[in-house]
Amino acid sequence: MKTRFISFLLLLAMGVSAFAQSSSYQPTEENLKARQEFQDNKFGIFLHWGLYAMLATGEWTMTNNNLDYKEYAKLAGGFYPSKFDADKWVEAIKASGAKYICFTTRHHEGFSMFDTQYSDYNVVKATPFKRDIVKELAAACAKHEIKLHFYYSHLDWVREDYPWGRTGRGTGRPNSKGDWKSYYQFMNNQLTELLTNYGPIGAIWFDGWWDQDQNKNFDWELPEQYALIHKLQPGCLIGNNHHQTPFAGEDIQIFERDLPGENLAGLSGQEISRLPLETCETMNGMWGYKITDQNYKSTKTLIHYLVKAAGKNANLLMNIGPQPDGELPAVAVQRLAEMGEWMKQYGETIYGTRSGAVAPHDWGVTTQKGNKLYVHILNLKDRALFLPLADKKVKKAVLFKDQSPVRFTKTKAGVVLEFADVPKDIDYVVELTID
């Protein structure tokens with residue numbers, strides 16, 4: 001009876017013409033407004049947390065070590081993050097200047113970090129902790145006015161109905177073909193729960209499409225799934241970390257470990273679309289908690305990444321892997337606080353901006369808001385900087401931090417900014433008033 005009822009709800013939500021609707025997807029006014037707010041927010045925090053934290057070897061440890069799925073599931077019996085405090089998490093994240101959180105509701109390991117009625121393999125039913133982590137996080141986000149996004153894995157290394165892809169082949173599941181109809185229904189059931197039981201959700205962040213990239217005939221049935229999400233919450237944005245040019249029905253474009261237009265990590269060679277952009281990056285070297293990885297990026301490096309992302313018209317989604325005891329690593333909290341101090345002073349040059357009139361260069365980037373062009377000088381070896389602004393009239397130039405005047409000279413090709421000394425700040429921001 002339960003299955004019939006949810007099937008009826010799904011059909012009702014999707015509508016009989018779901019495929020046609022998604023193929024010619026027309027975002028609603030609410031969705032377009034959400035896209036703009038997403039771009040204005042510029043900075044979010046990614047949280048990769050699941051059973052893998054207990055092994056402290058990263059989120060891919062199950063497939064990397066060919067751990068048997070039935071043995072791996074026994075980790076749930078010892079999962080008791082006694083120091084987890086959603087308010088404390090959100091307060092630390094808000095202090096960084098981040099405007100949203102993206103949390104892993106279900107990663108590739110198949111464990112649900114929320115109370116779902118469609119699998120007993122979840123944090124409430126399978127662990128002694130017996131608390132709905134997503135519910136507590138949603139409440140804390142609402143309290144502190146932080147947007148909440150949900151990461152959701154398209155693949156699963158535990159469920160027997162998920163057809164084998166190129167990962168998770170050594171976890172002991174008996175049927176390589178799986179049962180796609182069953183698995184697809186399961187995913188949509190869970191997505192319905194996530195978009196029904198936890199208040200307004202800013203985005204669904206999918207991951208795992210690439211697991212079936214060697215099976216050219218595989219159909220993820222994304223149009224129907226996307227239509228379901230947009231029907232349940234029109235303002236909920238959809239992003240998919242498939243490393244492809246965005247598909248119909250998607251609202252944001254994701255770049256993994258690379259800024260748009262770069263492909264240093266080998267995951268972001270796709271063309272840049274006109275959708276809102278987001279780049280995700282780790283604070284240290286891993287997504288999930290890894291006890292041997294203490295190689296945290298410096299505050300300067302993190303600020304530069306945020307600024308460069310904004311200069312390329314993208315948000316930065318910066319990752320932290322919470323510890324098995326439920327706390328955020330102390331070094332991560334310190335980095336959040338230090339970034340927050342910088343954002344208190346310079347947030348105006350990031351929030352609500354778009355990429356500026358001058359394209360990114362080795363010296364830095366520009367962001368723009370109205371008639372204000374912010375020149376972010378990150379790496380300049382000289383006491384002068386040429387800006388190709390031939391078609392713009394610069395009315396005023398000041399140093400953003402204290403509004404002191406900056407000398408500038410107009411040329412036929414643009415403007416030359418002149419400084420008393422070579423800029424040394426983490427980000428030496430010059431504010432230009434332009435026509």
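This is a guided tour of a predicted model, arranged as a series of selections to make in the viewer.

**The two domains**

Begin by colouring the chain according to its domain assignment, which gives domain 1 as residues 29-353 and domain 2 as residues 364-434. The centres of domain 1 and domain 2, taken over C-alpha atoms, are separated by 37 Å. To see where they meet, look for the contact to which domain 1 supplies 16 residues and domain 2 supplies 14 residues.

**The nonpolar cores**

Next, select I45, L47, W49, F103, I133, I204 and M318, the residues with the most contacts inside the largest nonpolar core, which has 97 residues in total. Because domain 1 and domain 2 both give residues to this core, it lies between them. In soluble globular proteins, nonpolar side chains tend to be buried together.

Now centre on F103 and display what surrounds it: leaving aside residues up to four places away in sequence, F103 touches L47, W49, W89, M113, I133, V134, L137, H149, F150 and Y151. Apart from the largest core there is another one, of 20 residues, and selecting L380, V394, L399 and F419 will show some of its members.

**Cysteines without partners**

Show the cysteine sulfurs next, bearing in mind that the structure holds zero disulfides. C102 is in no disulfide, and its nearest cysteine sulfur, that of C280, is 8.9 Å away. C102 counts as buried, at 1% relative accessibility. Moving on to C141, which is likewise in no disulfide, the nearest cysteine sulfur is that of C102, at 11 Å. C141 also counts as buried, with a relative accessibility of 1%.

**Helix α10 and the residue before it**

Select residues 222-232, which make up helix α10, and pick out Q225 within that helix. Is Q225 buried or exposed? At 0% relative accessibility, Q225 counts as buried. Its surroundings, not counting residues up to four places away in sequence, consist of H154, Y184, M187, N188, L191 and F206, each of which Q225 touches.

Step back to E221, which is found in the loop between β4 (203-207) and α10. The backbone deserves a look here, since E221 has a positive phi of about 55° although it is not a glycine. Most residues other than glycine have a negative phi. E221 counts as partly exposed, at 23% relative accessibility.

A comparable selection is R257, a residue other than glycine whose phi is positive and near 60°. R257 is found in the loop between β6 (253-256) and β7 (277-282), and at 24% relative accessibility it counts as partly exposed.

**The five-stranded sheet and helix α11**

Switch to a cartoon view and find the open sheet in which five strands follow the order β9-β10-β11-β16-β13, with antiparallel pairing. Its edge strands are β9 (354-355) and β13 (394-399), each of which pairs on one side only. At the β9 edge, two bridges join β9 to the antiparallel strand β10, residues 364-369, and R354 stands opposite Q368 in β10.

With these strands still in view, add helix α11, residues 299-311, which packs on the sheet, touching β9, β10 and β11 (372-377), and whose direction makes about 60° with that of β10. Then zoom in on G311, which lies in helix α11. G311 is buried, with a relative accessible area of 4%. Apart from residues up to four places away in sequence, G311 touches S355, P360, V365, T366 and T367. A C-alpha to C-alpha distance drawn from G311 to V358 should read 9.1 Å, although their positions lie 47 residues apart in sequence numbering.

**The three-stranded sheet**

For the last stop, select the open sheet of three strands in the order β12-β15-β14, whose pairing is antiparallel. In this sheet β12 (384-387) and β14 (407-410) stand at the edges, each with a single partner strand, so one side of each is left without a neighbour in the sheet. From one strand to the next, the twist averages 20°. Four bridges join β12 to β15, residues 415-418, and these two strands run antiparallel. To find one such pairing, select F386, whose bridge partner in β15 is V416.

Notes. Residues are numbered from 1 along each chain as its sequence is written. This is a predicted model: local features need pLDDT of at least 70, side-chain atom pairs count only at pLDDT 80 or more; totals for chains, interfaces and linings use all residues. Side-chain values use heavy atoms; hydrogens and water are left out. A nonpolar core is a set of buried Ala, Val, Leu, Ile, Met, Phe, Trp, Tyr and Cys residues joined through side-chain atoms within 4.5 Å. Buried means under 20% relative accessible area, exposed over 50%, partly exposed in between (1.4 Å probe, protein chains only). Domain bounds come from an automatic or database domain assignment. Contact means heavy atoms within 4.5 Å. Two strands pair if DSSP finds at least two bridges between them. Axes are lines fitted to C-alpha atoms, for helices over the stretch in contact, and angles run from 0 to 180 degrees between N-to-C directions. A disulfide is a pair of cysteine sulfur atoms within 2.5 Å.
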